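Please open the model in your viewer, with a cartoon display and side chains ready to be switched on, and follow the selections below in order.

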Amino acid sequence: MIDDYLARIGQLIRDARQHRGWTQVQLAEALGTSQSAVNRIERGNQNISLEMIARIGEALDSEIVSLGYAGPMHLRVVGGRRLHGSIDVKTSKNACVALLCATLLNSGRTVLRRVARIEEVFRILEVLSSIGVRSRWINEGADLEIVTPAELNLDAIDLEAARRTRSIIMFMGPLLHRMDRFKIPYAGGCDLGTRTVEPHMMALRRFGLEVTATEGMYHATVNRQITPERPIVLTERGDTVTENALLAAARHDGVTVIRNASSNYMVQDLCFFLEQLGVRVEGVGTTTLTVHGVPEIDRDVDYSPSEDPVEAMSLIAAAVVTESQLTIRRVPVEFLEIELAVLEGMGLDHDLGSEYPADNGRTRLADLTVRPSKLEAPMDKIHPMPFPGLNIDNTPFFAAIAASAHGSTLIHDWVYDNRAIYLTDLNRLGGRLQLLDPHRVLVEGPTRWRAAEMMCPPALRPAVVVLLAMMAAEGTSVLRNVYVINRGYEDLAERLNSVGAQIETFRNI
């Protein structure tokens, strides 16, 4: 009985270590013990105390065993500190989740380099694993290997993981080529108000997909006689809508034209990946994509997703609100040109280095140095537009930036119902934001930030905006229940600490 208990504990520890992407040697170093001791623990061949289990759980940031309810993760922020040095931009969250969905197209081995180790990616991996897809972190946790089986078991889908991500809807495009009938749960993710999935359905109906929604599930059937015989015109130039149409077109045996397509960064990354799979895509970077599909894909591919422009914008905003000099490396500058032009008009003091290619060989990167600046409110309102306009997900960061500028700034987030409302949480930290309606907020600056304790907004970008304001506020702030931040950012607190922030992660006892 004891041996069985030790073996089960050992397996939990091994799974947690592999989930983090650590070797036994790395865990041993964190614990101050030997690799052989870790090996014995994982094999169930060594007695282990609750104290040691707690130490392992802390090292791996994983709750190995639960003694009561551990509760959510929180951040304690000591603000008023200047940032300094340099920080690299991680790979794109939105590109990585699209590429994970795209691996369902391929019967071969897929390797994705430097995948963002974030909760959104973990949820997709949990869903893929539950239906039979094999994945493992390789190269000491830097890269991800995925192998899709010939048959998927959708009946075993991890419903809890699937419902915690909006990306699950992008399973429809690949699955319609693999199964005549299937069902997946409703999409989850951030609480951003009601967003219809009808644009997805309108595009995928052209490939014979029909969907009915009942009891929290999408029930899909596929009519193989229906194929897109004329161009597909998307009713919404959305990123995931375009990606779903691309995923469906990739294995359609023929040519598919997609009009009013998004040309945003994650769509371009998906197009580059599809080309690696042997799918020719014309018009990348434009609003008309012509896809030369192939009915079967069985290739061993190796692809590097590009860096995340939204994370880059987060780091720019961090430097601005903390009045810091900070160099942000590997910035995907072609997806931030409008944002930088707006900031330059506001008076931002910055240097942009020479461009160089990302690891995918296609995306243009540059290093950006931001210096303390006296900013003035922009002459025009801040409002997002489809690429090449100001990125929808970068709009919230201008709330913190505008609060640091002199004058009044109108921010109009016309896409999401609730996000402008969440931005008014900055008022708890000394901000002066007036909500005009669910989509418009008026920001008065400059702001004397003050520390506060508050709950994390239930939307990713506004949550990070609140964190950045806490970094600027003198004193100690607490941001509670930060799962939503971990959905989109890898080790954000630790990385900000590396350039001078003071942010502590903790849980309730």
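In the loop between which two strands does Pro-446 lie? Select Pro-446 and step outwards along the chain: the loop that holds this residue runs between strand E20 (440-445) and strand E21 (453-455). Keep in mind throughout that this is a predicted model. While Pro-446 is still selected, add Gly-445, since the peptide bond that joins Gly-445 and Pro-446 is cis, with omega about 0 degrees.

Next, go to Phe-387 and Pro-388, which are likewise joined by a cis peptide bond, here with omega about 15 degrees. Pro-388 sits in the loop that connects strand E17 (364-371) with helix H14 (397-403). A third backbone feature is at Arg-114, where phi is positive, about 50 degrees, although the residue is not a glycine; look for Arg-114 in the loop between strand E3 (109-112) and helix H6 (119-130). These sites merit a look because most residues other than glycine have a negative phi, and most peptide bonds are trans.

Now zoom out and colour the chain by domain: domain 1 covers 3-60, domain 2 is made of 73-90 + 307-507, and domain 3 covers 93-303. Turn to the boundary of domain 2 with domain 3, whose centres, taken over C-alpha atoms, are 29 Å apart. Across this boundary, 32 residues of domain 2 are in contact with 27 residues of domain 3. The two domains bury about 2500 Å² between them, and 49% of this area is on carbon and sulfur atoms. Select Phe-387, Tyr-483 and Arg-487 on the domain 2 side, which together supply 26% of the area that domain 2 buries against domain 3, more than any other three residues. Phe-387 will be familiar from the cis peptide bond with Pro-388.

The next selection is a pair of helices, H12 (residues 309-321) and H16 (residues 460-472), whose axes come within 9 Å and cross at roughly 25 degrees. Angles under 35 degrees count as roughly parallel, and H12 and H16 are therefore roughly parallel to each other. The crossing in which H12 passes H16 is right-handed. To display the contact, show Val-310, Ser-314, Ala-317, Ala-318 and Val-321 on H12, together with Arg-461, Val-464, Leu-468, Met-471 and Ala-472 on H16. Sorted by class, this contact of H12 with H16 has 8 nonpolar, 1 polar and 1 charged residues.

Move on to helix H10 (residues 239-250) and helix H11 (residues 265-276), where the axes come within 9 Å and cross at roughly 10 degrees. This angle makes H10 roughly parallel to H11, and H10 passes H11 in a right-handed crossing. From H10, select Asp-239, Thr-242, Glu-243, Leu-246, Leu-247 and Ala-250, which meet Met-266, Val-267, Leu-270, Cys-271 and Leu-274 in H11. The residues in the contact of H10 with H11 comprise 8 nonpolar, 1 polar and 2 charged.

Keep H10 on screen for the last stop and add helix H9 (residues 198-205): the axes of H9 and H10 come within 9 Å and cross at roughly 20 degrees. H9 is thereby roughly parallel to H10, and H9 passes H10 in a right-handed crossing. On H9 the residues to show are Pro-199, His-200, Ala-203 and Leu-204, which meet Thr-240, Val-241, Asn-244, Ala-245 and Ala-248 in H10. How many residues of the contact of H9 with H10 are nonpolar, polar and charged? The contact of H9 with H10 divides into 6 nonpolar, 3 polar and no charged residues.

Methods:
Residues numbered from 1 in each chain as written. Predicted model: local features only at pLDDT ≥ 70, side-chain atom pairs only at ≥ 80, totals over all residues. Heavy atoms only, no water. Axes fitted to C-alpha atoms, helices over the stretch in contact; angles between N-to-C directions. Helix = DSSP H or I, 4+ residues; strand = E, 2+ residues; numbered from the N terminus. Parallel < 35°, antiparallel > 145°, perpendicular 65-115°, else oblique. Left-handed = near helix turned anticlockwise from the far one by under 90°. Contact = heavy atoms within 4.5 Å. Nonpolar A, V, L, I, M, F, W, Y, C, P; charged D, E, K, R; others polar. Domains from an automatic or database assignment. Buried area = accessible area lost by both parts, 1.4 Å probe.
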